[in-house]
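Biologist: I keep running into labels in structure write-ups, and I'd like to know what stands behind them. Could we go through one together?

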Amino acid sequence: MSAFPARLLAITSREDAERELARIGVDPRGIGMMSSKMLTRCVHLNKLLCRQANILKQEMMGLGGDAAVARGTVACSIDTTDVILMGTDKQLGRLCEKLVHQPFGLADLAGELTALLANVSQVPKTWKTARRDLALDRPLIMGILNVTPDSFSDGGRFLDPHRAAERALEMEAEGADIIDIGGESTRPGAPQVPAAEELRRISPVIEQLAGRLSCPISVDTWKGEVARGALAAGAEIINDISGFGFDPAMAPVAAGSGAGVVLMHTRGTPDRMQSNTVYEDLLGDIIAGLRCSFYSAVSAGVERERIVIDPGIGFAKDFAANLEILRRLREFASLGLPLLVGTSRKTFIGKTLGRVTGERMVGTAATVALAVANGASILRVHDVRAMREAADMAHAIVAS
Ligand code: HH2
């Protein structure tokens, strides 16, 4: 037997840190001082001037952390360098205080870093839609209803508005918190549908659900005209796979209606997106794209509290990219916005497990559980009952 049995602690939040400090009897002042030293972060910064990077390195080392820079930075033999800061929350907080007094624009960088640290340490508690506030204290299940002839999984099953409405009610009874209604398939290679046809498919379904469905309806469209029609018929969330990138009419519709908004990342329209899957820096590029979408929404007048982001699994992403996004999902916390993830029955699950579309429920459940464990607030799924349980089970563990 060892005289000094040592073991690791898994500290992933301030609460974890405070709990462990209290467990060994640290006094409350000490808990306040030390909990922020128990969380270590790595922060990536893009293209800094060498003189900026050198100050960061010097300050971080002075604080007991470090900053990685490219070869050539110290001698200023290169123009710019990316920087990876390494430090505890405490050290990074101190760095921000010190940078405020530094030249070369580093005071602005301090502001960005302070915002980042605030974003990653507190998750939004609610999501505002056009008609209500949705609590995010447990995972929300968004049930998929495709009123299309050609969706990759449920295409052709709900073209009849009566059947579609019945399926929405069934999903609500199975535990859905939101019903996402789409009138155009966005599977890779899918052709575009005129706005009038898209509205002809979805409006009767939304109207039939008025007064019968308690949960909110979202409309899965990238067209402003379709969103406007769906909101008038009773929808209260816009789920835009283009993150306001395809139709300039979309942002004003969202801002004017007070709808909740899902901004998803993609590149290129669905008919061409799978020939657009090479990224310089996968997570960096997706987060930069979502940041752009976020700014265009906010500058059009959409309030921050209405916005949710989505990495767009399967949209301009290859097999390896989909896995990497899910593995690194925590990085999306940088934006401080609730995160939606849509993996349901998608091809990367089929490829991993050798399963056809209808046989991907267990694989989907694994992705849902991992997504919840890594910070997802909303899961967009076909198999509502099963994914409700998978998400609730994962959440019970995370929140325990
Ligand atoms: N995936 C699909 C459609 N819309 N919206 C968001 N926010 N996130 C997603 O991952 C997402 C989405 C594709 O799935 P599905 O609706 O089942 O198929 P289809 O596009 O063929 O109708």
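Modeller: Let's start with Asp177, which is found in the loop between helix H6 (161-173) and strand E7 (178-182). This is a predicted model, where local features need pLDDT of at least 70 and side-chain atom pairs count only at pLDDT 80 or more, while totals for chains, interfaces and linings use all residues. Residues are numbered from 1 along each chain as its sequence is written, and side-chain values use heavy atoms, with hydrogens and water left out.

Biologist: What makes something a helix or a strand here?

Modeller: Both are DSSP runs, numbered from the N terminus: a helix is H or I with at least four residues, and a strand is E with at least two.

Biologist: And is Asp177 buried or exposed, and how do you know?

Modeller: Buried means under 20% relative accessible area, exposed means over 50%, and partly exposed is in between (1.4 Å probe, protein chains only). Asp177 comes out at 13%, so it counts as buried.

Biologist: What does the side chain of Asp177 touch on Arg388, and why is that called a polar contact?

Modeller: A polar contact is a pair of N or O atoms within 3.5 Å; within protein, one must be able to donate a hydrogen and the other to accept it, and residues adjacent in sequence count only if both atoms are side-chain atoms. The side chains of Asp177 and Arg388 are joined by such a contact at 2.7 Å. Asp177 also has a polar side-chain atom 2.7 Å from the backbone nitrogen of Ile141.

Biologist: Where is Arg388, and what makes its label buried or exposed?

Modeller: Arg388 sits in helix H14 (residues 384-398). Its relative accessibility is 8%, so Arg388 counts as buried. Its C-alpha is 9.6 Å from that of Met142, though the two are 246 residues apart along the chain.

Biologist: How do you know which label fits Leu370?

Modeller: Leu370 is in helix H13 (residues 361-373). With 53% relative accessibility, Leu370 counts as exposed, because the cut-off is over 50%.

Biologist: And what makes Arg291 exposed, buried or in between?

Modeller: Arg291 belongs to helix H10 (residues 282-300). Its value is 32%, so Arg291 counts as partly exposed.

Biologist: Why does Asp16 get its label?

Modeller: Asp16, found in helix H1 (residues 14-23), has a relative accessible area of 15%, so it is buried.

Biologist: What is unusual about the phi of Phe244?

Modeller: Most residues other than glycine have a negative phi. Phe244 is not a glycine, yet its phi is positive, about 65°. Phe244 lies in the loop between strand E9 (237-240) and helix H9 (250-257), and with a relative accessible area of 10% it is buried. Ala316 also has a positive phi, about 55°, and is not a glycine either. Ala316 is buried too, with a relative accessible area of 0%.

Biologist: On to the ligand: which residues come nearest, and what makes a residue near?

Modeller: A residue is near if one of its heavy atoms lies within 4 Å of the molecule. There are 18 residues around the ligand, and Ser151, Ser185, Thr186, Asn239 and Asp310 come nearest.

Biologist: Which side chains have polar atoms by the ligand's nitrogen and oxygen atoms?

Modeller: Among them is Asp220, with a polar side-chain atom 3.0 Å from a ligand nitrogen. A ligand oxygen is 2.7 Å from an N or O atom in the side chain of Lys346, and a ligand oxygen is 3.0 Å from one in the side chain of His382.

Biologist: How much of the ligand does the protein cover?

Modeller: The ligand has 480 Å² of accessible area on its own, and the protein covers 99% of that. Such areas come from the Shrake-Rupley method with a 1.4 Å probe; for residues, only the protein chains shown count as cover.

Biologist: And what classes of residue make up the shell around the ligand?

Modeller: Six are nonpolar, seven polar and five charged. Ala, Val, Leu, Ile, Met, Phe, Trp, Tyr, Cys and Pro count as nonpolar, Asp, Glu, Lys and Arg as charged, and the others, Gly among them, as polar.
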